Structures are given as structure tokens and as C-alpha cells.
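Visitor: I would like a close look at a single part of this model, namely one helix and the sheets around it. Please take me through it step by step.

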Amino acid sequence: MATSIASFKITWEPLPDDFILPDDPVDNINQPALAAALTDSLQNAGKLPPNSLTPTNYGICATVNDKIVIKAPDWAFIPEIRVPRTDIQRSYTPQLQGDIPLLVIEFLSDTEGGEYSIKSTYPPGKWFFYQTILQVKYYVIFEPQQGILEVYVLNENGEYQLQTANANSRYFIPEMNLYLGVWQGTRENRTGYWLRWWDESESLLLWGFELAEIEHQRAERLAAQLRAAGIEPEV
């Protein structure tokens, strides 16, 4: 399967079994938690279709001018894969194995500056790869220390265009029927800025521990009401 974009020959081929994947560590300790938080609330709200994929630091591949290119975004949303999950344990090739990612997110760090790289020569920069090779519709860059969020959308010219947030500083993703924005608070012993989802009415999608706390408070209120009525609640 091949695609031609200007002077680039793009083919969608499975990663060879003997291909050695890079074993680089994530840039900092916060990135896995930030990524897990995005998937957590989607799962709890029933917003993940059965064949969707939300990979974290996981190789997404294309073959450009006969050379394999792999980028591992910090988080991505792939609406549908069309192969068994056992076929994509090591990496994922769009078009061949399922959809192009709808959205990729990179978390800025102190040591990595490649999130804005438009380098087109091999190996291409992240920005160039997502925009020109994969043509991912939404490219999100988040700086978690200051809570700075940039959302870019692929325009009709095939270039990323910076979007303007709504009055609540959130960005609507129509294909997901969700808003994405910045929230400040605590999760997993980390207090700071997080990326979070809101539904179409801008109600916050809750994390698992938040839902559990709401259920705990509801049970406590019910128990108190029963005791007030002279009934000892069953434990």
C-alpha cells in the first residue's frame, strides 16, 4: 500500500520481526501519569469504542522513501484498528492495520525539543511526520509545568493551524464529541496541571478514583439517613 506526497514515497508496511525498536526511556516521571489520566476518564465514561486504541510512548510507523520511520507520541487516539491486537504488540502501521491517528499529544520536557521539528530529511522531525507523512488531524502540545496547551488542526492546505480556545479555555474535538482542556489538581500524588476531557455540555469526565469517592459519599449519606430512621444499614 503506497501514497505519494510531493517528493515522498510513503508505503504502509508491517514492521519486520527483526527490526530493533528504540528503547529510550520517557523524558520525565510525569509523562506516564499524564497519559494514563487521559485514557482513564475516557474509559470510565464509555468513550472508547471497542476497536479504538490509546497508545502511550508506542511506535507508529510509516516507510518513507523506502526507509522505516517510527515516532512514539506520548499519547494518541486511534479511532479503529482492523487487525487483532496481537498483531500490533510491538508497533502500529496506519492504513495497513487501521486508521490514521485522529489525535496525537506530546508533552514538552526540558530535554526534548523535537515536538516542533519540521525537519523533512531522514529521520524526519515529529511535526513533519505527523503533519505531512501521517496527516494526523489534531496535533496537541502540552507543557505541564505551566499548563500551556497548544492545539493544532490540519487545514485544507495540509498544514497545522493553531486553534483558539473557547470561553472556558477548552478545545472541541468534533469527531470525539469532547472538549480537551487544562485542569489543575492532584492525582497519583502529583499536584499540578493535567489534560482532561469534558463532554459536549462541558461536564468534566471523571477519573476512576473520583467516581469511587462520589459513590462512597453517596453510600455514607444513605447510611446516615437509614440510621436517622432507626435502621442499621447492612455492612
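**Helix H1 and the two sheets**

Guide: Since this is a predicted model, what follows describes computed geometry, and a good place to begin is helix H1, residues 30-44, which lies across S11 and S12 and runs at about 35 degrees to S12. Those two strands belong to an open sheet of three strands, ordered S10-S11-S12 and paired antiparallel. Its edge strands are S10 (170-173) and S12 (190-198), each of which pairs on one side only, and the twist from one strand to the next averages 35 degrees. Strand S11, residues 178-187, is joined to S12 by nine bridges, the two running antiparallel, and within this pairing Trp183 stands opposite Trp194 in S12.

Helix H1 also lies across S5, strand S6 (103-107) and S7, where the helix runs at about 150 degrees to S6. These strands are part of an open sheet of five, in the order S5-S6-S7-S8-S9, whose pairing is mixed. Here the edges are strand S5 (75-77) and strand S9 (160-162), each pairing on one side only, while neighbouring strands are turned against each other by 20 degrees on average, with direction ignored. Within the five-stranded sheet, six bridges join strand S7 (residues 138-143) to strand S8 (residues 148-154), an antiparallel pair, and Val140 has Val151 in S8 as its bridge partner.

A further helix completes the view of this sheet: H2, residues 126-134, lies across S6, S7, S8 and S9, running at about 160 degrees to S7. Helix H1, to return to the starting point, thus lies across S11 and S12 as well as across S5, S6 and S7.

Conventions
Residues are numbered from 1 along each chain as its sequence is written. This is a predicted model: local features need pLDDT of at least 70, side-chain atom pairs count only at pLDDT 80 or more; totals for chains, interfaces and linings use all residues. Side-chain values use heavy atoms; hydrogens and water are left out. Two strands pair if DSSP finds at least two bridges between them. Helices (H or I, at least four residues) and strands (E, at least two) are DSSP runs, numbered from the N terminus. Axes are lines fitted to C-alpha atoms, for helices over the stretch in contact, and angles run from 0 to 180 degrees between N-to-C directions. Contact means heavy atoms within 4.5 Å.
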